[in-house]
Amino acid sequence: MSRTVTKQRKMITTAAAWTIGLIIFFPIYWTILTSFKTEAQAINDPPLFFAFDWTLENYALVQERSDYMKFLWNSVIIAGGSTILGILVAIPAAWSMAFVPSKRTKDVLLWMLSTKMLPAVGVLYPISLIFVQFDLLDTRGGLVVVLMLINLPIIVWMLYTYFKEIPGEILEAARMDGATLKEEILYVLTPMAIPGIASTILLNFILAWNEAFWTLNLTAANAAPLTAFIASYSSPEGLFFAKLSAASTMAITPILILGWFSQKQLVRGLTFGAVK
Amino acid sequence: MATKASRSAARFMMAPAVVLLLGWMLVPLIMTLWFSFTKYLPLRGDSIDRGLDWVGFANYSRFLSSSSFWPSVQTTLVMVGGVLLITLVLGILLAILLDQPMWGQGVVRILVIAPFFVMPTVSALVWKNMLMDPVNGIFAHLWRFFGAEPVAWLQDASLSSIIMIVSWQWLPFATLILLTAIQSLDSEQLEAAEMDGAPVLKRFWFIVLPHLARAITIVVLIQTIFLLSIFAEIFVTTGGAFGTRTLTYLIFQRVIDSQNIGLGSAGGVYAIILANIVAIFLMRIVGKNLDA
C-alpha cells in the first residue's frame, strides 16, 4: 500500500521541484534565448525575456566566421567512429567474459577499468610525440583511435553488464542445435543484445562528443570538432554574447536531444553496473 | 558448459581489447616514466634522437619543491572537495524531492539532467560570459537590481566560481544516481517508521542515508576521478590564473607552455599515483559487486 498523499502536499512538491528544475536549466534556456537576439539586446539591462525582435542573424554570422558544418562533421566522425570501432572491439571481449568466464575474468575487467583512471595530462606529451611520429596530429583518424581507447573500458563494462543478463541456456540450446560460434553470436546473441548495444553506443557517443582534453590538445584546423569550435570564442571580443549563444546552441543541441533519451543508461553505464 | 574449444575462442576474442588497452596504458606510461628521469627541453634542442641526459630524481624533487606545487595541490583538493560536497548535499535533497509524487515529474527530470550533456567548453564559456560577466552577465544585472555592486566572479572569487560551474555540470549525475538508489528503498520500512512517530530528520538519518551509502560512495569515487582531471573549464575561463591552477593544469603548463617535458612528466607521475589511490577504493567497491 502506498502512502496517501494530500493534494496540497503534491502541489507544494510540484512547485518546489519545478522551480529548482527551471533554475538548473536556466543557463541553457538563457543561451538558447540569447542566440535569437541582436548583440545590443543580448546585453540589455534589464535582461529581455520575451519582448525582443527574434532574429536568425547570429547563426548566419557564426557560420560565416567558422564553417559550422565542418566542425559538426568532425564531431560526428570522431564521436561516431570511435564509438563504432570501440563496439566492434568490445563485443567479442564482453561476450567471452560474460559467457565463458574464467578465474581471471574479474581481474581483467577491473584492470580495464583501471586504465580509465590514468590521468590524461600525465601522458599528454608521449601521445603527442607518437602522433607527430605517425603524422596523426590534427587528423580525425588519430582522434578516433584515442577516444576509442579512452572509452573502451566503459564500452566493455556496459556490454558485459547487459550480456550478463542474457540467460546462458539459450546459447547452450543453440550450441546443441549445432550452431557454430559465429552463428551463435550473429543470430542468437546479437538480436537479444541489441537494446543493450544501442544504449552503449548512445552513451559513448555522448561521452566522445563532449570530450574536451584530447580534442583540444591534438587538433588544430583540420580535425577540430565542436569543442574546439566553441573554444575559439574564449577570448572576449566586443559584443559577442549573441554570437556565442548561437554557436553554443549549435554545439549542444544535437547531444542534448540524444542525452534525454539516454538518462537511464547513464546511471548504469557510468557506475559500471554498481547502481541499478 | 564451456568447452575447451570455446575457452580458447574466448581468449582469442578478448585479445584485441586487451592488447589495445595494454598498449594504450604501457607505451605512454613507460615514455612518461623515462622522460621524468631526464632533462628534456625540446626548445633548447633536446630530442630523443640525440639522446636525453639522465638526471635521476632531479625532476621529481624540483617539481615538489617548486613554489607552485603545494598551492596547486591545495587548489585541487579544494576544488574536488567543494564540488563533491555541493553535488552530494544538493543531489541528496534533489533526489528525495524528485522521488515524491508530483505533476510533470518526467519534464522536471529532463530539466535537471540537461547540464550533464552540455560540453565542458560550452558550459564554461556560457557561465563565464552570459552569467558571470561583471558588466553584462545575468548575475551583474541581478546584483544591480538589488542595489549591490556586481562581482568580478572569475577574478575575485575565481576558485568558487569554477567550483560553481563544475558543480552545475555534475549535479545531474549525482542526482540521477542517488534518485535511482532512493527508488529502490523499501517504502514500507519508511511508513512503519512514520507510524511509530519517528520525525522526518530521524527517518532520513537512520533509514534513507544508510540505504544511500553505497550510491554515495560510488558518486564520490567516480566524480573524484573525473574532477581530478578537470581541464577545459579552467582552460577557457581563467587559464589557471587567480589561484585556479590545479595539479592537472600545472602539469599541462609545464609540458605545453614552458615545454619542460622532464619536469612535466615527473608531475604526471605524481598525478598518476594520486589518481590510482582513488582508483583502488573504487575498484574494491565495483569488484565486490562482481561477486554478488
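Me: Hi! How much of chain A counts as buried?
Reply: Hi! In this predicted model, 47% of the 276 residues of chain A count as buried.

Me: Thanks. What is chain A built from, in helices and strands?
Reply: Chain A has 13 helices and zero strands. Reading along its sequence, you get α-α-α-α-α-α-α-α-α-α-α-α-α.

Me: And what is its radius of gyration, next to that of a compact globule?
Reply: Chain A comes out at 23 Å, while a compact globule of 276 residues would be near 19 Å. Along the principal axes, the C-alpha atoms of chain A fill a box of roughly 75 × 70 × 35 Å.

Me: What share of the contacts in chain A with a separation of 6 or more is between residues 24 or more positions apart?
Reply: Such pairs account for 80% of those contacts.

Me: Switching to the partner: how many residues does each chain bring to the contact?
Reply: Chain A gives 85 residues and chain B gives 87 residues.

Me: Which part of chain A has the largest share of that side?
Reply: That would be helix 1 of chain A, residues 7-34, with 16 residues touching chain B.

Me: How do the residues on that side of chain A divide into nonpolar, polar and charged?
Reply: There are 62 nonpolar, 19 polar and four charged residues on the side of chain A that touches chain B.

Me: Last topic, what does UniProt list for residues 73-282 of chain B?
Reply: An unreviewed UniProt entry lists "domain: ABC transmembrane type-1" there. In the model, that stretch of chain B is 78% helix and 0% strand, and its end C-alpha atoms are 21 Å apart.

Note on methods
Residues are numbered from 1 along each chain as its sequence is written. Chains are lettered from A and ligands numbered from 1 in the order in which they are written. This is a predicted model: local features need pLDDT of at least 70, side-chain atom pairs count only at pLDDT 80 or more; totals for chains, interfaces and linings use all residues. Two residues are in contact if their C-beta atoms, placed from the backbone, lie within 7 Å. Helices (H or I, at least four residues) and strands (E, at least two) are DSSP runs, numbered from the N terminus. Ala, Val, Leu, Ile, Met, Phe, Trp, Tyr, Cys and Pro count as nonpolar, Asp, Glu, Lys and Arg as charged, and the others, Gly among them, as polar. The radius of gyration is taken over C-alpha atoms; the globule rule is 2.2 Å times the number of residues to the power 0.38. A residue is buried if 20 or more other C-beta atoms lie within 10 Å of its own, exposed if 12 or fewer, and partly exposed in between; C-beta atoms are placed from the backbone. UniProt positions are given in the numbering used here, feature names are shortened, and annotations may be inferred rather than shown by experiment.
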